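User: I am new to this structure and would like to go through it step by step. Could you take my questions in turn and explain how each answer is reached?

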Amino acid sequence: MANNISRRDFTRLLSAGAIAVSASVRARAQGANERLTLGIIGCGGRGQDDLRHFLANGADIAAVCDPDEHRMREAQSLAGGKSEMIKDFRRLLDRKDIDAVVVATPDHWHALPTVLACQAGKDVYVEKPL
């Protein structure tokens with residue numbers, strides 16, 4: 001017996017499932033050892049969007065990094081004003097308290113921070129170009 005489902009119903013079910021999983025993850029109580037501590041490398045539009053997303057999902061933003069001090073200040077403000085501002089991403093990678101980094105740099109700057117973050121033992125979320 002075939003079960004016919006429309007695309008619209010399939011999309012609705014898929015969306016409902018994603019929302020349920022997301023809510024379940026957020027609802028889970030997190031101790032200090034279970035919270036993700038991030039560093040943001042690249043604080044422009046994409047970096048700030050990523051920062052908002054990770055904050056909404058319970059991450060701690062330990063440091064923000066960008067050569068543009070104005071963008072760094074904006075990102076630090078979004079993160080609650082507690083994040084360290086670092087101009088040189090290599091100094092951010094030296095921090096032992098940072099579990100993972102978000103690389104949201106311009107297209108021609110993705111590779112080096114990503115490779116060095118991996119070599120430093122960090123997990124990496126990279127905004128790569130198409």
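**Strands, helices and selected residues**

Analyst: As a starting point, strands β1 and β2 run parallel and are joined by 5 bridges. The model is a predicted one, and within this pair T37 has as its bridge partner in β2 the residue D60.

User: How many helices and strands are there in the protein?

Analyst: From the N terminus on, the elements follow the pattern α-β-α-β-α-β-α-β-α-β. Counting the two kinds over the protein gives 5 helices and 5 strands.

User: In what order do the strands of the open sheet lie?

Analyst: The pairings help to place the strands: β1 (residues 37–41) is joined to β4 (residues 100–103) by 4 bridges, the two running parallel, and β4 is in turn joined to β5 by 4 bridges, again in parallel. At the two edges stand β3 and β5 (123–126), each of which pairs on one side only. Taken together with the pairing of β1 and β2, the order of the open sheet of 5 strands is β3-β2-β1-β4-β5.

User: By what angle are neighbouring strands of this sheet turned against each other on average?

Analyst: The sheet in question has 5 strands with parallel pairing. With direction ignored, its neighbouring strands are turned against each other on average by 25°.

User: Which residue of β5 does V103 stand opposite?

Analyst: In a regular strand the side chains alternate between the two faces of the sheet. In β4, A100 and V102 point one way, while V101 and V103 point the other way, and all are buried. On one side, V103 is the bridge partner of I41, and in β5 the residue that V103 stands opposite is V126.

User: How many of the 6 residues of strand β2 are buried?

Analyst: For the protein as a whole, 34% of the 130 residues count as buried. Strand β2 (residues 60–65) is largely enclosed by the rest of the structure, because the buried residues among its 6 number 5.

User: Are helices α2 and α3 roughly parallel or roughly antiparallel to each other?

Analyst: Two packed helices are described by the angle between their axes and the distance between the axes. For α2 (residues 45–56) and α3 the angle is about 15°, and the axes are 10 Å apart. Angles under 35 degrees count as roughly parallel, and therefore the relation of α2 and α3 to each other is roughly parallel.

User: Which residues of α3 make the contact with α2?

Analyst: The two helices pass each other in a right-handed crossing. On the α2 side the contact is made by Q48, L51, R52 and L55, and on the α3 side by R71, E74, A75 and L78.

User: Which strands does helix α5 lie across?

Analyst: Helix α5 covers residues 111–119, and its direction is about 165° to that of β5. The strands it lies across are β1, β4 and β5.

User: Is C43 buried or exposed?

Analyst: C43 is placed in the loop between β1 and α2, where it touches Q48, V64, C65, D66, R71, M72 and A75, leaving aside residues up to four places away in sequence. One of these residues, C65, is 22 residues from C43 in sequence, yet their C-alpha atoms are 6.7 Å apart in space. Because the relative accessible area of C43 is 0%, this residue counts as buried.

User: Which residue's backbone oxygen does the side chain of S83 reach?

Analyst: S83 is found in the loop between α3 (69–78) and β3 (84–86), and with a relative accessible area of 2% it is buried. Apart from residues up to four places away in sequence, S83 touches I61, A62, A63, V64 and Q76. At 2.6 Å, the backbone oxygen that its side chain reaches is that of I61.

User: With which residue does the side chain of R90 make a polar contact of 2.8 Å?

Analyst: R90 lies in helix α4 (residues 89–94) and, at 44% relative accessibility, counts as partly exposed. Its C-alpha atom is separated by 9.9 Å from that of I41, which is 49 residues apart along the chain. The polar contact of 2.8 Å joins the side chain of R90 to that of D88.

How values were computed
Residues are numbered from 1 along each chain as its sequence is written. This is a predicted model: local features need pLDDT of at least 70, side-chain atom pairs count only at pLDDT 80 or more; totals for chains, interfaces and linings use all residues. Side-chain values use heavy atoms; hydrogens and water are left out. Buried means under 20% relative accessible area, exposed over 50%, partly exposed in between (1.4 Å probe, protein chains only). A polar contact is a pair of N or O atoms within 3.5 Å; within protein, one must be able to donate a hydrogen and the other to accept it, and residues adjacent in sequence count only if both atoms are side-chain atoms. Contact means heavy atoms within 4.5 Å. Two strands pair if DSSP finds at least two bridges between them. Axes are lines fitted to C-alpha atoms, for helices over the stretch in contact, and angles run from 0 to 180 degrees between N-to-C directions. Angles under 35 degrees count as roughly parallel, over 145 as roughly antiparallel, 65 to 115 as roughly perpendicular and the rest as oblique. A crossing is left-handed if the near helix is turned anticlockwise from the far one by less than a right angle, and right-handed if clockwise.
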